[in-house]
Amino acid sequence: MQPTDFQQDYFSLFQFERSFDVDTDELTARYRRLQQRTHPDRYRGAGERERRLAVQYSALVNEAYETLGSPVRRAQYLLRLAGVDASFENTSFNDPAFLMEQMMLREQLAELKQSAAPEQDLDALAERLAGVTTAQLDAFRRHYSAGDYAAATKSVAKLQFLDKLSQDMAHMEGDILDY
């Protein structure tokens, strides 16, 4: 490991083209190979500096893997590389139709516990959410590829809402199925 290794962007680290589309199976395979080479346990007998670098590099590899593995974080990262801040706190958009749809999806999620067929209703809601998410991923891809970073940032903000809803659905699924 060299200090210059820490200056690579996450795509370079994993030897991917800088693109929204990432083969997640290949990402995982490359992650495992990187961790095998750089895991701090391999440097137990090394000097203090080498051990410290190994810990830092392993943390970098983990952060890069988490970022590239998540479509929302990957989109934010691509925008950050383009000099755009797409963090949730700094992004706003005015799309009443999208916000209304979010409210309706959240209401459906809240009503699942009282449903006569919660598992089926959860499946239907998950399918609907997947469709909305796919549409926003496609919108981000289109806007980002066209260099329309303002529109891409709005798509990321919407994806963050959808991601949070997806997480809430996973918790609800656990409650419904008693995980």
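**Exercise 1.** In this predicted model, find the salt bridge that Asp-138 forms, and state how its two residues are placed along the chain.

*Solution.* Step 1: Asp-138 pairs with Arg-141, and their closest N and O atoms are 2.8 Å apart. Step 2: that distance meets the cut-off, which is within 4 Å. Step 3: both residues lie in helix 6, three residues apart, so about one helical turn separates them. Step 4: Asp-138 has 36% relative accessibility and counts as partly exposed; Arg-141, at 25%, is also partly exposed. Step 5: through shared partners, salt bridges join Asp-21, Asp-138 and Arg-141 into one network.

**Exercise 2.** Of the nine salt bridges in the whole structure, examine Asp-95 with Lys-158. Is Lys-158 buried or exposed?

*Solution.* Step 1: the side chains of Asp-95 and Lys-158 meet at 2.5 Å, N to O. Step 2: Asp-95 sits in the loop between helix 4 and helix 5, while Lys-158 belongs to helix 7 (residues 149-177), 63 residues apart. Step 3: Lys-158 has 13% relative accessibility; buried means under 20%, so Lys-158 is buried.

**Exercise 3.** Determine how helix 5 (residues 96-111) and helix 6 (residues 118-145) are oriented to each other.

*Solution.* Step 1: their axes come within 11 Å and cross at roughly 160°. Step 2: angles over 145 degrees count as roughly antiparallel, and the two helices are therefore roughly antiparallel. Step 3: the crossing is left-handed. Step 4: the contact includes Phe-98, Met-104 and Leu-105 of helix 5 and Leu-125, Arg-128 and Val-132 of helix 6. Step 5: by class, this contact has seven nonpolar, one polar and two charged residues.

Notes. Residues are numbered from 1 along each chain as its sequence is written. This is a predicted model: local features need pLDDT of at least 70, side-chain atom pairs count only at pLDDT 80 or more; totals for chains, interfaces and linings use all residues. Side-chain values use heavy atoms; hydrogens and water are left out. Axes are lines fitted to C-alpha atoms, for helices over the stretch in contact, and angles run from 0 to 180 degrees between N-to-C directions. Helices (H or I, at least four residues) and strands (E, at least two) are DSSP runs, numbered from the N terminus. Angles under 35 degrees count as roughly parallel, over 145 as roughly antiparallel, 65 to 115 as roughly perpendicular and the rest as oblique. A crossing is left-handed if the near helix is turned anticlockwise from the far one by less than a right angle, and right-handed if clockwise. Contact means heavy atoms within 4.5 Å. Ala, Val, Leu, Ile, Met, Phe, Trp, Tyr, Cys and Pro count as nonpolar, Asp, Glu, Lys and Arg as charged, and the others, Gly among them, as polar. Buried means under 20% relative accessible area, exposed over 50%, partly exposed in between (1.4 Å probe, protein chains only).
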